[in-house]
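Let us take a walk through this protein together, starting with its charged side chains and ending at its strands. Keep the 3D view open as you read.

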Amino acid sequence: IGELARISEEEMLQRFGEHGRHLYELSNGIDERDVELDEEIKSVSHEYTFDEDSRDLAAIEDVLLHLSQKVSRRLRKNELKGKTLTVKIRLKGFETHTRAHTFTERTNFVEDIYHPAKEIFSKFYKKGMSIRLIGVRMSNFDDPYVQDSLFGELRDEKKEKIHRTMDLIKDKFGEDAIHRGKG
C-alpha cells in the first residue's frame with residue numbers, strides 16, 4: 001500500500017484508467033463510503049492478568065468470580081444469554097489453554113457462569129502450576145427460533161429480578177457498591 005500511495009494520481013490514471021484513480025484514493029486514505037459496523041455481538045469476555053504468576057487458589061477463584069460478574073452484567077446490558085462458557089488459562093511461560101462448557105439452557109446469571117468456570121479451572125489445575133492469566137467468555141447467544149425450555153422463564157423470573165436489582169445498584173453507586181459472595 002505504501003508503494004502504491006507514492007505513485008502520483010496521474011501515473012495511476014495512465015496505468016490503470018479510471019480504476020487507477022480509485023486505487024490512488026484508497027491507498028491515500030480517501031474513501032467517501034459509509035463505514036458499516038457489524039453490530040452483532042459474537043461473545044462477551046473479560047480477562048485478568050496477574051501482576052506476578054499466581055499459585056494462590058483463593059485469589060484465582062476470587063478473580064473468576066469477579067470476571068463472571070462482569071461477563072454476566074454485560075450480557076444483561078446487551079440483553080443476551082449465552083449457552084457456551086469458555087475459560088482461558090495462561091500459565092507461566094505464556095502457554096495458553098481453553099476449556100469449554102455448554103449449558104442445556106442459555107443463561108446470563110453470574111452463579112450459572114461462576115460455578116462451572118470454577119469447576120473447569122479446578123479440573124485443569126495441578127498442584128504447583130503458576131497462573132499468569134485467567135479469562136471467562138460466554139458465547140452461542142439466543143436463537144430467536146429456539147426455546148431452550150418450556151418453563152425456564154418462569155423458574156428464572158426471581159433470579160432475573162435479583163440480578164437486575166444488583167445492576168441498578170451498581171449503575172447508581174458504582175461497580176463496588178454491592179458484591180456477590182462465592183457461595
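A salt bridge here is a side-chain nitrogen of Lys or Arg within 4 Å of a carboxyl oxygen of Asp or Glu. Please bear in mind that this is a predicted model. With that cut-off, the count comes to 9 salt bridges. A good one to begin with joins Glu-9 and Arg-21, whose closest N and O atoms are 2.8 Å apart. Glu-9 belongs to helix α2 (residues 9–16) and Arg-21 to helix α3 (residues 18–27), so this pair ties together parts that are 12 residues apart in sequence. Neither partner needs a hunt through the interior: Glu-9 is partly exposed at 23% relative accessibility, and Arg-21 is partly exposed at 29%.

Stay with Arg-21 for a moment. This residue also forms a salt bridge with Glu-18, again with the closest N and O atoms 2.8 Å apart. Here both residues sit in helix α3, 3 residues apart, which is about one turn of the helix. Glu-18 is exposed, with a relative accessible area of 55%. Put together, Glu-9, Glu-18 and Arg-21 are linked in a network of salt bridges. As a general point, side chains of opposite charge can pair when their charged atoms come close.

Further along the sequence, you can look for the side chains of Asp-31 and Arg-33, which meet in a salt bridge at 2.7 Å, N to O. Asp-31 counts as partly exposed at 37% relative accessibility, while Arg-33 is exposed, with a relative accessible area of 58%.

Now turn from charges to rings. How many aromatic pairs does the structure hold? There are 2 aromatic pairs. In the pair of Tyr-48 and Phe-50, the ring centres are 5.1 Å apart and the planes meet at 85 degrees, so the arrangement is edge-to-face. Phe-50 is buried, with a relative accessible area of 8%, whereas Tyr-48 is partly exposed at 35%.

It is time to step back and view the fold. The protein chain has 6 helices and 4 strands, and along the sequence these follow the pattern α-α-α-β-α-β-β-α-β-α. Of its 183 residues, 35% count as buried. The chain exposes about 12200 Å², and carbon and sulfur atoms supply 50% of that area. Among contacts between residues at least 6 apart in sequence, 74% join residues at least 24 apart.

Let us finish with the strands. Strand β2 (residues 82–91) is mostly covered, as 8 of its 10 residues are buried. On one side of the pairing story is strand β3 (residues 96–107), which runs antiparallel to β2 over 8 bridges. You can find this pairing by looking for Val-87, whose bridge partner in β3 is Arg-99. The two strands form a hairpin with 4 residues between them, and Gly-93 in the turn has a positive phi of about 90 degrees. β2 also pairs with strand β4 (residues 131–141), in the antiparallel sense and over 9 bridges. To locate that pairing, look for Thr-86, which stands opposite Arg-137 in β4. While you trace these strands, recall that in a regular strand the side chains alternate between the two faces of the sheet.

Definitions and conventions:
Residues are numbered from 1 along each chain as its sequence is written. This is a predicted model: local features need pLDDT of at least 70, side-chain atom pairs count only at pLDDT 80 or more; totals for chains, interfaces and linings use all residues. Side-chain values use heavy atoms; hydrogens and water are left out. Buried means under 20% relative accessible area, exposed over 50%, partly exposed in between (1.4 Å probe, protein chains only). Rings of Phe, Tyr and Trp (its six-membered ring) pair if their centres lie within 6.5 Å; planes under 30 degrees apart count as stacked, over 60 as edge-to-face and the rest as tilted. Contact means heavy atoms within 4.5 Å. Accessible areas come from the Shrake-Rupley method with a 1.4 Å probe; for residues, only the protein chains shown count as cover. Two strands pair if DSSP finds at least two bridges between them.
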